[in-house]
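Welcome, and please open your viewer. We will go from one selection to the next, with a short note on what to see at each stop.

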Amino acid sequence: MHLIRVAVILSLVPLTTAPLPGQALDDGRLLPRRVLSAGVAYVQESWSRYWEGTLERDNGNIGTLTTQHVAWVASYGLTDRLTLLASLPYVWTHASQGPLHGMRGVQDVTLAAKYELLATPFTERGTVHAFVVAAAGVPASNYTPDFLPLSIGLASRCFSGRVTLAFQAHSGWFLNGSTAYTWRSNVRLDRSAYYTNGQLVLSNEVAMPGVFDYTVSAGFQRGRVSLPLALSQQRTLGGGDIRRQDMPFVSNRMDFVRVGGTIMYDVPGLRAVTLSIGASRVVSGRNVGQTTAFTGGLHHAFHL
């Protein structure tokens with residue numbers, strides 16, 4: 001699930017000094033050569049109801065769970081067809097009720113490379129682009145994943161391959177479709193045994209299932225404003241459900257459908273500064289919270 005959140009964070013990174021749609025893992029854009037975009041992104045996620053397997057419920061020992069991310073994000077146009085991206089978030093969690101204490105710390109550093117395979121005219125209305133993305137995430141601190149939902153991450157090394165097709169109309173409208181597979185390394189716990197998916201495992205090592213995600217986004221860019229809207233889905237390839245009245249486990253199946261949108265605005269009088277705000281909602285899921293998320297970012301582009 002790490003790289004899904006990274007895509008949300010990186011979607012707040014501007015492209016250039018012009019008001020263009022945001023640079024993200026799953027969009028249809030690249031940075032021009034020798035342009036560096038850097039800044040800070042903020043994400044707040046909260047939920048009071050969640051899915052325990054397929055059962056939707058609440059929990060008085062949690063109340064409302066809030067997770068906040070403040071991330072340094074950057075992207076750089078190495079060539080006109082290759083953009084490099086990076087993020088490093090600091091995360092903290094809080095439960096409004098019950099005895100459980102939140103956690104905080106530096107989560108995972110993520111590096112990605114995005115390459116344009118082709119750009120070809122499609123009718124008289126616009127151009128079709130094809131991209132491939134390789135991304136890797138590695139825990140940047142020694143946090144524990146074995147205290148969900150208060151843990152700040154899953155502590156698994158992740159490697160992702162993504163393919164994106166994008167149509168950019170000359171009038172400013174765009175439509176993107178993207179899919180990715182994420183491989184996740186095994187996770188080690190600070191205990192010698194655990195119970196999951198109906199089995200007792202006498203080991204501290206947990207096998208993590210892979211993940212597919214899919215995103216369809218559409219929107220427009222006009223003047224200083226860009227407005228992308230997106231629907232994304234995650235499907236875990238294995239893992240068990242949360243046991244009744246139990247805490248989540250790191251290898252649980254975590255599936256969801258999320259809808260959201262972002263407004264990006266090129267600030268007048270502040271050259272190369274872009275302000276971004278957005279919101280999203282998980283509308284269906286399995287072993288995840290019914291999350292409402294708000295995002296914001298402020299970024300500056302440099303021509304090197």
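How many bridges join E5 to strand E7 (residues 108-122)? Select both strands: 6 bridges join them, and the two run antiparallel. Strands and helices here are DSSP runs, numbered from the N terminus, with at least two residues for a strand (E) and at least four for a helix (H or I). Two strands pair if DSSP finds at least two bridges between them.

Before moving on, a word about what you are looking at. This is a predicted model, in which local features need pLDDT of at least 70 and side-chain atom pairs count only at pLDDT 80 or more, while totals for chains, interfaces and linings use all residues. Residues are numbered from 1 along each chain as its sequence is written, and side-chain values use heavy atoms, with hydrogens and water left out.

**Around strand E5**

Stay with E5 and pick Ala-86, which stands opposite Leu-111 in E7. Next, add strand E4 (residues 65-79) to the selection; 14 bridges tie E4 to E5 (residues 82-95), and these strands run antiparallel. A hairpin of 2 residues links E4 to E5. To see one pair, show Trp-72, which has Leu-88 of E5 opposite. Now select strand E6 (residues 104-106), joined antiparallel to E5 by 3 bridges. Here Val-91 has Gly-105 in E6 as its bridge partner.

**Tyr-115**

Go back to strand E7 and select Tyr-115, which lies in it. Is Tyr-115 buried or partly exposed? Tyr-115 counts as partly exposed because its relative accessibility is 34%; buried means under 20% relative accessible area, exposed over 50%, and partly exposed in between (1.4 Å probe, protein chains only). Leaving aside neighbours within four places in sequence, Tyr-115 is in contact (heavy atoms within 4.5 Å) with Arg-81, Leu-82, Ala-130, Phe-131 and Val-132. Try a distance too: the C-alpha atoms of Tyr-115 and Ser-87 are separated by 18 Å, with the two residues 28 apart along the chain.

**Val-282**

Jump to strand E18 (residues 273-286), where you will find Val-282. Val-282 counts as buried because its relative accessibility is 3%. Its contacts, not counting neighbours within four places in sequence, are Trp-51, Phe-256, Val-257, Arg-258, Gly-289, Gln-290 and Thr-291.

**The nonpolar cores**

A nonpolar core is a set of buried Ala, Val, Leu, Ile, Met, Phe, Trp, Tyr and Cys residues joined through side-chain atoms within 4.5 Å. Select Leu-154, Leu-189, Val-206, Met-208, Phe-249 and Val-250: of the 14 residues in the largest core, these touch the most other members. Apart from that core lies another, of 6 residues, including Trp-47, Tyr-50, Leu-65 and Ala-95. In soluble globular proteins, nonpolar side chains tend to be buried together.

Now focus on Leu-189. Beyond residues up to four places away in sequence, Leu-189 touches Pro-145, Asp-146, Tyr-194, Asn-204, Val-206, Phe-249 and Val-250.

**Zooming out**

Finally, show the whole chain, which has 1 helix and 19 strands. The C-alpha trace spans about 60 × 35 × 35 Å along its principal axes. Of the 304 residues, 51% are buried. Among contacts between residues at least 6 apart in sequence, 63% join residues at least 24 apart.
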